[in-house]
Every structure is written in C-alpha cells, then in structure tokens.
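This report describes a protein chain and its ligand for a reader at the bench. Please consult the sequence and the structure shown below alongside the text.

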Amino acid sequence: TIPVVLDCDPGHDDAIAILLAGASDALDLRAVTTVGGNQSLEKITLNACRVLTVAGLADVPLAAGAAKPLTRALRVAADVHGESGLDGPEWAEPTARPLELGAVELLRRTITESAEPVVLIATGPLTNVATLLLAHPEVAGRIREISWMGGSAGRGNVTPLVEFNASTDPEAARIVFGSGLPLTMCGLDVTHQALVTPAVVERLRALGTPVGDMSVELMRFFATTYRELFGFEGPPLHDPVAVARVVDPTLVRTARVNVEIETRGDWTAGATVVDLARRTGREANADVALELDVERFWDLVVGAIAVYG
Ligand code: BDR
Ligand code: CA
C-alpha cells in the first residue's frame, strides 16, 4: 500500500476524495489536512470532521492549515458549495476533531516518520503544500509524488482562463510547480470528463448505505449549483480524480510537459500555462492529465463508497 496524505478544502468533491482515499486497499491514508478555499478554514475543517465521522475514519489524524492564500485575500466558492461549504446532507455533531498542531507540522511529521516515501494528494489551493516545501525543504526527498487537482490546459472555471484552486493561490502554485518534485496536474481537462450522471447517482442510491445516501445528498446539491452556474447536466467530480490517479495510474492519460504559473496577468493570475505543443524548450516539470477512463473511474469511486456500508 502507498502511504498518502490528503490536503483538502471540503467541498463536495473533496468529501468524495476523502472517502476514496480512506477506502482504497492500494492506499494508506495517514493524515488529512485542511486549507481555506471553498469556504473559510473553520467551515471546511468542520466539514472534514463531519465526513471523517460519518465514514468511521475519525482516527485519521486531521489538522487545520492556512486560513488564507500566501499573499492574497481568500475568495470562497459559496456559489458552488453553499454557505457551509458542504450543503445538502443533514450533519450530526461530529466526533472527529482536528489536532492542536497545524497542518504543515502534521504533514512534516507524517512524511518524515514514514518508512516509505509518501504521496501528497492536494485537492485545494496549494497554500499548505507551498508552505511545507519552503519551511521544511528536507521533506522533499521523502515525497514520492504530488497529485494535485487544479489548473487547466484550456479554459477556466473562475475566470475564462483560470481554475479555482490555481486562482485562489497562484503564488503557492508557482512554488510547487517550481519545486522539482514529481507532480501530476489533474486539471479541468480531465475532471470535466468525470461527470456525475443520473446513472452514477442511481448506483450510489442503490448501495442503500448511510455513506451512499450521504454521497447522494452531496451530489444532489452539487448538481443544482453546477446546473445553475455553468449549465452542466451533471457536475464534474473534480477532486477524486487526483486520488484515483494514485490508486491506479492507468485510469488517467498524461502528457509530460512544462507548466508555468501566471501570477501577474491583468486577467490571468493563476493561469496554468501548459506547453502541450512544446514550444518553449523549457524542461518538463509536470505530468498533465488529459484523458480519463470514465467507466473504470466510476467503478472505483462507487466501489470505494460501498466499502463503508
Ligand atoms: C476545484 O475547486 C473546488 O471548488 C473544487 O473542490 C475543486 O477542488 C475545481 O475547480
Ligand atoms: Ca477542492
């Protein structure tokens, strides 16, 4: 099994990413950390507690990280994820609690104490990850790979060219893409292939389990906002793609290319400038995900949610 840590901002798709990481036989989920993004740090940390509690994962170490991006103000995505950041289900009082220590310290300890190199999965803005790499450069040698949901080789979803996680903290993204660590970018190019169709919701409903029902409620809310805001028939389940890529790399086709992060453009701060045509001669620094095996992805996600009963 591969030791993994998951840095997230739940968030409907982050919630499913937690479930996938916690259920997979291929992964050993050693820690969950939170970063301000979809909602305030306080709200998304409470949401992480809720998901871990319902899933019976309350013993997974959890720590809260950065409340805001490295240099910018936080602009949350209440329009997509609701006022709570995880609108939809009725939540009971969670038993899972964040530790006293911060996310960067929990990540540092978990990574340095692991006998095997750790895969760092990030499904929010890269603020915690960049801070970790800057403050504790010694962890770099113990990170096997970073798998990030964020960016786009084409169009954006916050501005015409910029995706939300990249847009929220471009300076952090620039640090991570410049780190030299093995890095997979699972951007909108591939996550917009992971559409939650009515057939997918039916498979979840048919599980007839508490975690299956919670997932149905999450997807019901997420589908509404994606329909109203973006005109999507079914919402794209972005974040689990970054987990699935670690569980089974054959699920995602990637291109090894150079990616630079725009931080200063008048209209493009946070744009991931992906050199697919290899025009710049700059060295490749990322594997950019371009194509998803959609059928097998959903088998993996539904199978993971079924594990919880
Ligand atoms: C990303 O933004 C967030 O709203 C989602 O959780 C996902 O991580 C998609 O652009
Ligand atoms: Ca997210």
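The sections below treat the annotated domain, the ligand shell, the packing of helices and two points of backbone geometry.

## Model and annotated domain

The structure is a predicted model. An unreviewed UniProt entry assigns residues 4-299 to the feature "domain: Inosine/uridine-preferring nucleoside hydrolase". Across residues 4-299, helix accounts for 39% of the chain and strand for 17%. The C-alpha atoms at the two ends of this stretch are 21 Å apart.

## Surroundings of ligand 1

The shell around ligand 1 holds 15 residues, of which Gly11, Asp13, Ala77, Phe164 and His238 come nearest. Three elements give two or more residues each to this shell: α1 (12-23), α6 (164-168) and α11 (238-247). By class, the shell around ligand 1 consists of seven polar, four nonpolar and four charged residues.

## Packing of α1

Two packed helices are described by the angle between their axes and the distance between the axes. Helix α1, which contributes to the shell around ligand 1, also packs against α10 (residues 210-230), at an angle of about 155° and with the axes 9 Å apart. Because angles over 145 degrees count as roughly antiparallel, α1 is roughly antiparallel to α10. The crossing of these two helices is left-handed. On the α1 side the contact is formed by His12, Ala15, Ile16 and Leu19, and on the α10 side by Val211, Ser215, Leu218, Phe221 and Phe222. Seven of the residues in the contact of α1 with α10 are nonpolar and two are polar, with no charged residues.

Helix α1 also packs against α12 (residues 294-307), here at an angle of about 75° and again with axes 9 Å apart. This angle makes α1 roughly perpendicular to α12. Ile16, Leu19, Leu20 and Ala23 of α1 meet Val301, Ala304, Ile305 and Val307 of α12. The contact of α1 with α12 comprises eight nonpolar residues, with no polar and no charged ones. Ile16 and Leu19 of α1 thus take part in the contact with α10 and in the contact with α12.

## Packing of α9 on α10

Helix α9 (residues 198-207) packs with α10 at an angle of about 150°, and the axes are 7 Å apart. The angle makes α9 roughly antiparallel to α10. The crossing of α9 and α10 is left-handed.

Val201, Leu204, Arg205 and Leu207 of α9 are in contact with Gly212, Ser215, Val216 and Met219 of α10. By class, this contact of α9 with α10 has five nonpolar residues, two polar residues and one charged residue. Ser215 of α10 appears both in the contact with α9 and in the contact with α1.

## Backbone geometry in two loops

The peptide bond that joins Pro10 and Gly11 is cis, with omega of about -10°. Gly11 lies in the loop between β1 (2-8) and α1. Gly11 is also among the residues that come nearest to ligand 1.

Arg278 is not a glycine, yet its phi is positive, at about 50°. Arg278 is placed in the loop between β9 (272-274) and β10 (286-292).

Definitions and conventions. Residues numbered from 1 in each chain as written. Chains lettered and ligands numbered in written order. Predicted model: local features only at pLDDT ≥ 70, side-chain atom pairs only at ≥ 80, totals over all residues. Near = placed C-beta within 6 Å. Helix = DSSP H or I, 4+ residues; strand = E, 2+ residues; numbered from the N terminus. Nonpolar A, V, L, I, M, F, W, Y, C, P; charged D, E, K, R; others polar. Axes fitted to C-alpha atoms, helices over the stretch in contact; angles between N-to-C directions. Parallel < 35°, antiparallel > 145°, perpendicular 65-115°, else oblique. Left-handed = near helix turned anticlockwise from the far one by under 90°. Contact = placed C-beta atoms within 7 Å. UniProt positions renumbered as here; feature names shortened; annotations may be inferred.
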